[in-house]
Amino acid sequence: MSRGSKRSRKQRLSGPEAWDAAYAAVDHAPLIERLGVGLEPDLLRLALTHRSFANEHDNLPNNERLEFVGDAVLGLSVANELFERYPSRPESDLSPMRSRVVSRYALADVARDVGLGPHLLLGKGEETTGGRDKDSILADTTEALLGAIYRQHGFETTRGVILRLFGPKLDEAQRSHDWKTVLQERVAELGGGQPEYQASVEGPEHEQVFTAHVLIAGAPRGRGRGQNKKTAEQNAAREAVFFLRDHPEAVALAAKE
């Protein structure tokens with residue numbers, strides 16, 4: 001073998017070449033079948049490309065722009081569906097219902113249902129630390145796929161895919177709210193730790209009134225009252241959920257204090 005041949009074998013693949021090779025190494029037909037709609041190869045490849053892969057291969061494009069679009073389409077589709085399904089429910093009920101349907105955990109569940117993990121294009125670091133089963137990566141890539149479907153097929157087709165994939169989540173949304181669970185999920189999405197509850201009681205035994213405060217990163221974010229501790233904590237969590245809806249930055253700010 002000539003020295004020239006040895007040298008050519010040692011040459012590193014360019015970013016686009018590595019991108020093509022990684023995408024071609026997996027059969028994506030099963031994923032397309034589960035999504036129920038076709039995607040152009042270049043668009044699907046982009047939707048599956050995590051920033052860790054892109055950064056390791058000459059700063060290729062990644063799926064974050066598609067994720068941005070998919071997040072908007074998902075939120076609108078779910079909000080409108082809940083509006084249609086529950087015409088008598090107030091906004092104060094519909095908002096947390098939507099939050100649960102489109103949460104990171106719900107998105108990751110859908111990703112696992114369609115078998116998304118093996119199709120991800122990840123960098124070596126994410127690959128070796130279990131990135132294919134990380135809730136955050138699965139959720140973000142699911143949104144990127146929805147963004148890709150919207151870009152190729154438009155809103156109505158994407159809406160149909162969403163209603164089918166998220167159907168069980170939408171069916172469960174009507175169940176009575178466990179506000180403490182809703183709050184815990186929302187705080188986790190924002191990068192915070194476990195909410196803490198403090199409760200006090202006043203009044204004679206037969207007319208006791210409990211007051212609860214919920215603290216997020218040590219800062220009080222909700223207050224509730226009730227005839228028992230459980231109800232007071234649920235009401236405090238509910239108030240905190242709506243506070244974070246308008247002030248999501250509060251979790252990060254409280255953690256820094």
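How much space lies in the largest pocket? In this predicted model, the largest pocket holds about 690 Å³ of space, and that is where the tour begins.

**The largest pocket**

Select V102, S103, R104, R186 and E189, which are the closest to the pocket centre among the 29 residues that line it. To widen the view, add helix 6 (64-85), helix 7 (91-101), helix 8 (104-113), helix 10 (135-153), helix 13 and helix 14, each of which supplies at least two residues of the lining. If you colour the lining of the largest pocket by residue class, you will find 14 charged residues, nine nonpolar ones and six polar ones.

**The aromatic pair**

Next, stay with two of those helices and select W179 in helix 13 (residues 179-189) together with F242 in helix 14 (residues 229-246). The structure holds one aromatic pair, and the pair counts as tilted because the planes of the W179 and F242 rings stand at 45°, with the ring centres 5.8 Å apart. Although the two rings meet here, W179 and F242 are 63 residues apart, so that the pair links distant parts of the chain. Both W179 and F242 are buried, and hiding any surface display will help you to see them.

**Charges over rings**

Two further selections show an arginine placed over an aromatic ring. Select R45 and W19, where the charged end of R45 sits over the W19 ring at 3.8 Å from its centre. Then move to R89 and Y86, where R89 lies over the face of Y86 and the distance to the ring centre is 5.3 Å.

**The hairpin**

Now turn to residues 196-202, which form strand 1, and residues 209-216, which form strand 2; these strands pair in the antiparallel sense over seven bridges. To follow one of the bridges, select Y197 and look across to V214, its partner in strand 2. Between the strands of this hairpin there are six residues, and G203 takes a positive phi near 95°.

**A last stop at R164**

Finally, select R164, which lies in helix 11 (residues 155-165). Is R164 buried, partly exposed or exposed? Its relative accessibility is 42%, and because the partly exposed class runs between 20% and 50%, R164 counts as partly exposed. With R164 still selected, add L35: the C-alpha atoms of R164 and L35 are separated by 9.2 Å, while the two residues are 129 residues apart along the chain.

Terms used
Residues numbered from 1 in each chain as written. Predicted model: local features only at pLDDT ≥ 70, side-chain atom pairs only at ≥ 80, totals over all residues. Heavy atoms only, no water. Pairing = 2+ DSSP bridges. Helix = DSSP H or I, 4+ residues; strand = E, 2+ residues; numbered from the N terminus. Phe/Tyr/Trp six-rings, centres within 6.5 Å; stacked < 30°, edge-to-face > 60°. Buried < 20%, exposed > 50% of the residue type's maximum accessible area, 1.4 Å probe, protein only. Lys NZ or Arg CZ within 6 Å of the ring centre and 35° of its normal. 1 Å grid on protein atoms, 1.4 Å probe; cavity = no way out; pocket = protein on both sides within 12 Å on 5 of 7 lines; lining within 4 Å. Points joined across faces, edges and corners; volume = space filled by probe spheres on them. Nonpolar A, V, L, I, M, F, W, Y, C, P; charged D, E, K, R; others polar.
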